[in-house]
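Me: I should like to go through the terms applied to this model and see what each of them rests on. Please set each value against its criterion.

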Amino acid sequence: MTDAILRATGLSRTFQMGERNVIGIRGVDLEIARGEFVAIRGPSGSGKTTLLTILGCLDRPNEGQLMIDGTDVTALPESALARIRSDKIGFVFQSFNLMPFLNARENVELPMELTSMTAQERTQRAKELLKLVGLADREDHRPSRLSAGEQQRVSIARALANRPPLLLADEPTGNLDSKNKVEIVRLIRRLSAEQNMTSVMVTHDNRVASQAGRVIFIKDGQVRSNKNRVPVKDMVEEEGLD
Ligand SMILES: Nc1ncnc2c1ncn2[C@@H]1O[C@H](COP(=O)(O)OP(=O)(O)OP(=O)(O)O)[C@@H](O)[C@H]1O
Ligand SMILES: [Mg+2]
């Protein structure tokens with residue numbers, strides 16, 4: 001494959017816990033093409049979060065190499081990694097991680113404060129993003145005045161703020177009921193296609209994973225299977241899930 005947005009070679013991460021070494025991931029080789037929507041599945045403790053955290057440049061591997069959008073990030077200094085994170089990567093977490101004292105629009109504006117955009121441009125874009133995720137009428141609500149599904153929509157809008165080519169989501173549907181699970185994963189899928197974004201999502205949920213174009217299964221820190229590769233724009237919308 002030529003147009004890889006992510007290419008990991010022999011990634012390992014071990015955690016030192018006193019006398020013991022705990023293996024997070026070991027020898028992970030992975031290539032993800034631009035425009036894919038990939039799900040990562042695996043048992044609890046298998047290394048999914050460890051892998052996603054490294055792919056998102058929030059942690060570093062002990063061994064191996066990671067290329068993101070053509071840049072070898074493995075040995076970059078922290079300041080350069082921070083730049084990659086803000087320019088290239090949008091993050092979505094299970095627990096939403098919204099600022100409780102800011103309303104929906106202000107939460108979405110936050111990542112844009114590190115850019116050269118004016119306050120007016122930031123507000124304008126935040127409003128557009130909230131519209132994109134179906135929350136145009138909720139911009140003044142603080143997180144506590146939003147449902148769980150709505151909070152996750154805000155966090156997705158926030159993740160898209162700087163037009164990242166890559167969206168990383170760790171159990172984005174983990175705190176949602178089954179109707180919202182399906183809606184959120186479909187939203188991620190739709191946005192990936194519309195915004196020409198690559199999405200990588202960790203999930204425990206079979207139905208959620210079935211929406212992805214490829215499922216990577218990891219166990220004991222290693223990739224065990226890596227099936228189907230379909231660009232998200234070529235995927236047929238599946239109906240009747242809920
Ligand atoms: N910061 C850390 N310090 C020490 N050990 C860690 C750390 N982070 C993860 N681990 C260990 O690495 C292994 C993989 O953990 P990880 O969080 O990646 O699993 P996971 O697949 O995301 O699990 P879950 O489905 O429960 O979220 C586990 O054995 C865990 O205890
Ligand atoms: Mg995890």
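Reply: The exchange below concerns a predicted model.

Me: What makes the protein as compact as a globular protein of that length?

Reply: The protein has seven helices and ten strands. Its radius of gyration is 18 Å, and the globule rule gives 18 Å for 242 residues, so the protein is as compact as a globular protein of that length. Along the principal axes, the C-alpha trace spans about 50 × 45 × 40 Å. Buried residues account for 42% of the 242 residues.

Me: Why is L102 called partly exposed?

Reply: A residue needs 20 or more C-beta neighbours within 10 Å to be buried, and 12 or fewer to be exposed. L102 has 15 such neighbours inside 10 Å, and therefore counts as partly exposed. L102 sits in the loop between strand 6 (89-93) and helix 3 (104-109). From L102 to S116 the separation is 14 residues in sequence and 21 Å in space, C-alpha to C-alpha.

Me: How do you know that the span of helix 6 is close to the one expected?

Reply: The expected span is 1.5 Å times one less than the number of residues. Helix 6 (residues 178-194) has 17 residues, and the expected value is 24 Å; from its first C-alpha to its last the helix reaches 24 Å. Just after helix 6, N196 adopts a positive phi of about 50°.

Me: Which residues of helix 6 are buried, and against what do they pack?

Reply: K181, I184, V185, L187, I188, R189, L191 and S192 are buried in helix 6. The partners of the buried residues include strand 3 (37-41), helix 5 (148-160) and strand 7 (166-170). One of these residues, I188, is also among the three that touch the most other members of the largest nonpolar core, together with I40 and L168. That core holds 58 residues.

Me: Which residues does I40 contact, leaving aside its neighbours within four places in sequence?

Reply: I40 is in contact with K48, L51, L52, V200, V202, I216 and I218.

Me: What makes up the shell around ligand 1, by class?

Reply: The shell contains three nonpolar, eight polar and one charged residues. Glycine is counted as polar, and the residues around ligand 1 include G24, G42, G45 and G47, besides K48, T49 and T50. Strand 1 (4-17), strand 2 (20-33) and helix 1 (48-55) each give two or more residues to this shell. The largest share, three residues, comes from helix 1.

Terms used:
Residues numbered from 1 in each chain as written. Chains lettered and ligands numbered in written order. Predicted model: local features only at pLDDT ≥ 70, side-chain atom pairs only at ≥ 80, totals over all residues. Near = placed C-beta within 6 Å. Helix = DSSP H or I, 4+ residues; strand = E, 2+ residues; numbered from the N terminus. Contact = placed C-beta atoms within 7 Å. Rg over C-alpha atoms; globule rule 2.2 N^0.38 Å. Core = buried A, V, L, I, M, F, W, Y, C linked by C-beta atoms within 7 Å.
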